[in-house]
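Trainee: I have a structure open and would like to go through it with you. Can we start once it is on the screen?

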Number of protein chains: 2
Amino acid sequence: MTIFSPRRAGAFACATFALLTVPAAHAAETGPATPDAIVAASPAGDWQAIPADELLVMTLAPAKDGSSRQIVIQLVPSPYSQGWVDNIRKLAKAHWWDGTSVYRVVDNWVTQWGDAEETKPLPDSLRDIPESEYITPLGKAISLSCDKAETPQALCDSYAPVAQIIDGWPLASDGTSRWPVHCYGSVGVARNLSPDTGSGAELYTVIGHAPRQLDRNVAVVGRVIEGMTYLSTLPRGKGPAGTYADPAMRVPIRSVRLASQLPEADRPAFEFMTDDSDSFAHYFALRAARHDDFYHVPAHGVDVCNVPVPIRARKTGASAE
Amino acid sequence: MTIFSPRRAGAFACATFALLTVPAAHAAETGPATPDAIVAASPAGDWQAIPADELLVMTLAPAKDGSSRQIVIQLVPSPYSQGWVDNIRKLAKAHWWDGTSVYRVVDNWVTQWGDAEETKPLPDSLRDIPESEYITPLGKAISLSCDKAETPQALCDSYAPVAQIIDGWPLASDGTSRWPVHCYGSVGVARNLSPDTGSGAELYTVIGHAPRQLDRNVAVVGRVIEGMTYLSTLPRGKGPAGTYADPAMRVPIRSVRLASQLPEADRPAFEFMTDDSDSFAHYFALRAARHDDFYHVPAHGVDVCNVPVPIRARKTGASAE
């Protein structure tokens, strides 16, 4: 997407081009490659389906105009944050979130949901997760080099020795362990003071600049991949810590289910661009060095949160109906 | 601000503490230092008033509930981006924005305003600014070291050799020049394709993760310091490039004035924490290494957009009335 001033038709055409998915041939005719054009031109083999038990479907009460509000969250895959992810699956299967609400919204920080009154009993089956599980030990030490020539997709990072897109997720590493990082749209587990780590019942998503200082201090368990604007445009709270002072402002949550709990015909289906594909390598390179009709000074650098893994709805018998 | 799960009263107390400005004595009693506590405890001498001709006051049409919506933008001081800032002062003095609108909102990107139809003539006095003015040459070369021990407030950056908070602003440098960078709330000049640089009539503010790839490609001319939520919570646009497809969704701009154009009694007054003060050094250090009742793993690193320069309303005869 480009920032533009629509004074001239050309600008509209360019900005629109950046928004649309166009075939490779068209992209080639239209000008220098852009990340969006690479995504549009990528072969089917460069995409991988997201398992139905890694998709959480949250349905809010309809908006004032009656329109429905469905949010889809992709859960972090094994081995990252799995203690909390397991709890979240148990909560979804118990229909625990049904009747709870979105009760806290802080500008440039987070939108948070769960049981605002914190009186609803939690399933006994939930596990208490130790802080040690914020990170995942690596089998063997990895290189910490963020020299572009040596490891083109390893990023020098402000918060960790190195950050990379691996297994479809932005991860940071200290060489002996890895952890999922906070970016815009990341979903994390709200908690009390350390050493509490949260159960997974109270969740938040990031609605501003990535609060990377939370990495390794709070569990990142997923990311919003559909319906983000239903959470990012809510009125900011004026109560303690940005909660809604007036309970009437809370947004009711009708239901939260794993896609795998839904009838096949009702399951949302998504796929992500695999990070070991040629398409992703090209996409990543362009994200780190934009040079096209709009960008004249490539940064030759990028932070891990500005390389969002391409994710799109998947055409299936069900979703195509 | 802390993310918290209000299951226990203690968490509320902690989160509230992080939101309130508390006297130093109280902060000391309450526990480990936090950035907010440092700001609250800083002496008056560590703050500097923002000149009235560096404040832009934008008044939107009242909200549906009748409440007023005033936004205050701090303009980047000399010598950065001054060609565009000069144009913006001329546009404000000509009342050019009165009757224009906020017409484009893209999630995790920008909210943009000006003349949606692009038919309103611009003042003849505006200057065409060359791309060379996106950066400001330095009198003499500066160190590019981001070694914490050597230059504690110089940050290793993903988009430039070094980034720092200087003159009250987040700036990046290549050693021979500096430029203001894009962060959440930054205000920039929308433009057409390169080499167009925009006049300053069409402006945007960042409502998501810092799009640092725009640095040196678009002019950063200021930052929103009051009323940001009036721009960040607007419905996202569904038209081309995120413009509002339905003109009725545009938010009317009643007026835009420099504070210096307003009667003294009506002028908003703000001050910022000077970056050469002891308070700022302490604030910066804590931002880069949170270690308190909530944070148990300090990052020992921070990106320049996560060290927002403390800014607050200034008690004056006028504003205290």
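Mentor: We will go through confidence, the interface, the sheets and some backbone details.

Trainee: What kind of model is it, and what is the mean pLDDT of chain A?

Mentor: This is a predicted model. Chain A has a mean pLDDT of 88, with 86% of its residues at 70 or more.

Trainee: Where in chain A does pLDDT stay under 50?

Mentor: Over residues 1–29 of chain A. The model still has 71 contacts beyond four places in sequence for that stretch. Where pLDDT is low, predicted coordinates should not be read in detail.

Trainee: And the complex scores?

Mentor: The predictor gives an ipTM of 0.90 and a pTM of 0.90 for the complex.

Trainee: OK, interface. How many residues does each chain put in?

Mentor: Chain A contributes 73 residues to the contact, and chain B contributes 73 residues. Between them the two chains bury about 6500 Å², and 56% of that is on carbon and sulfur atoms.

Trainee: How many salt bridges and polar contacts are there across it?

Mentor: The rule finds 0 salt bridges between chain B and chain A. For polar contacts, the count is 25 residue pairs, with both residues at pLDDT 80 or more.

Trainee: Which elements of chain B are on the side that touches chain A?

Mentor: Those giving two or more residues are α1 (9–19), β4 (101–105), β5 (110–114) and α5 (229–232) of chain B. Of that side, α1(B) gives the most, with 6 residues.

Trainee: Switching to the fold of chain A. What is the barrel made of?

Mentor: It is a closed barrel of 8 strands in chain A, in the order β2-β3-β13-β11-β12-β5-β4-β14, with antiparallel pairing. On average, neighbouring strands there are turned by 35° against each other, direction ignored.

Trainee: Take one pair, β11 and β13. How many bridges join them?

Mentor: There are 3 bridges between β11 (residues 186–189) and β13 (residues 220–226) of chain A, and the two strands run antiparallel. V187(A) is the residue opposite G222(A) in β13(A).

Trainee: Which strands does helix α4 of chain A lie across?

Mentor: Helix α4 (residues 82–93) of chain A lies across β2 (55–60), β3 (69–75), β11, β12 (203–206), β13 and β14 (251–258) of that chain. The helix runs at about 105° to β14(A).

Trainee: What about the 3-stranded sheet, what is its order?

Mentor: That one is an open sheet in chain A, ordered β1-β15-β16, and the pairing is antiparallel. β1 (47–49) and β16 (311–313) of chain A are the edge strands; each has a single partner strand, so one side of each lacks a neighbour in the sheet. The average turn between neighbouring strands of this sheet is 30°, direction ignored.

Trainee: How is β15 tied to β16?

Mentor: By 3 bridges, from β15 (residues 270–273) of chain A to β16(A), running antiparallel. F270(A) stands opposite A313(A) in that pairing.

Trainee: Last topic, backbone oddities. Which peptide bonds are cis?

Mentor: Among them are the bond from S78(A) to P79(A), with omega near 10°, and the bond from S194(A) to P195(A), also with omega near 10°. P79(A) sits in the loop between β3 and α4 of chain A, and P195(A) in the loop between β11 and β12 of chain A.

Trainee: And what is the phi of H300(A)?

Mentor: Positive, about 55°, although H300(A) is not a glycine. The residue lies in the loop between α6 (278–288) and β16 of chain A.

Trainee: Why flag these at all?

Mentor: Because most residues other than glycine have a negative phi, and most peptide bonds are trans.

Notes
Residues are numbered from 1 along each chain as its sequence is written. Chains are lettered from A and ligands numbered from 1 in the order in which they are written. This is a predicted model: local features need pLDDT of at least 70, side-chain atom pairs count only at pLDDT 80 or more; totals for chains, interfaces and linings use all residues. Side-chain values use heavy atoms; hydrogens and water are left out. Two strands pair if DSSP finds at least two bridges between them. Helices (H or I, at least four residues) and strands (E, at least two) are DSSP runs, numbered from the N terminus. Axes are lines fitted to C-alpha atoms, for helices over the stretch in contact, and angles run from 0 to 180 degrees between N-to-C directions. pLDDT is the predictor's confidence in each residue, from 0 to 100. Contact means heavy atoms within 4.5 Å. Buried area is the accessible area (1.4 Å probe) that two parts lose on being put together, summed over both. A salt bridge is a side-chain nitrogen of Lys or Arg within 4 Å of a carboxyl oxygen of Asp or Glu. A polar contact is a pair of N or O atoms within 3.5 Å; within protein, one must be able to donate a hydrogen and the other to accept it, and residues adjacent in sequence count only if both atoms are side-chain atoms.
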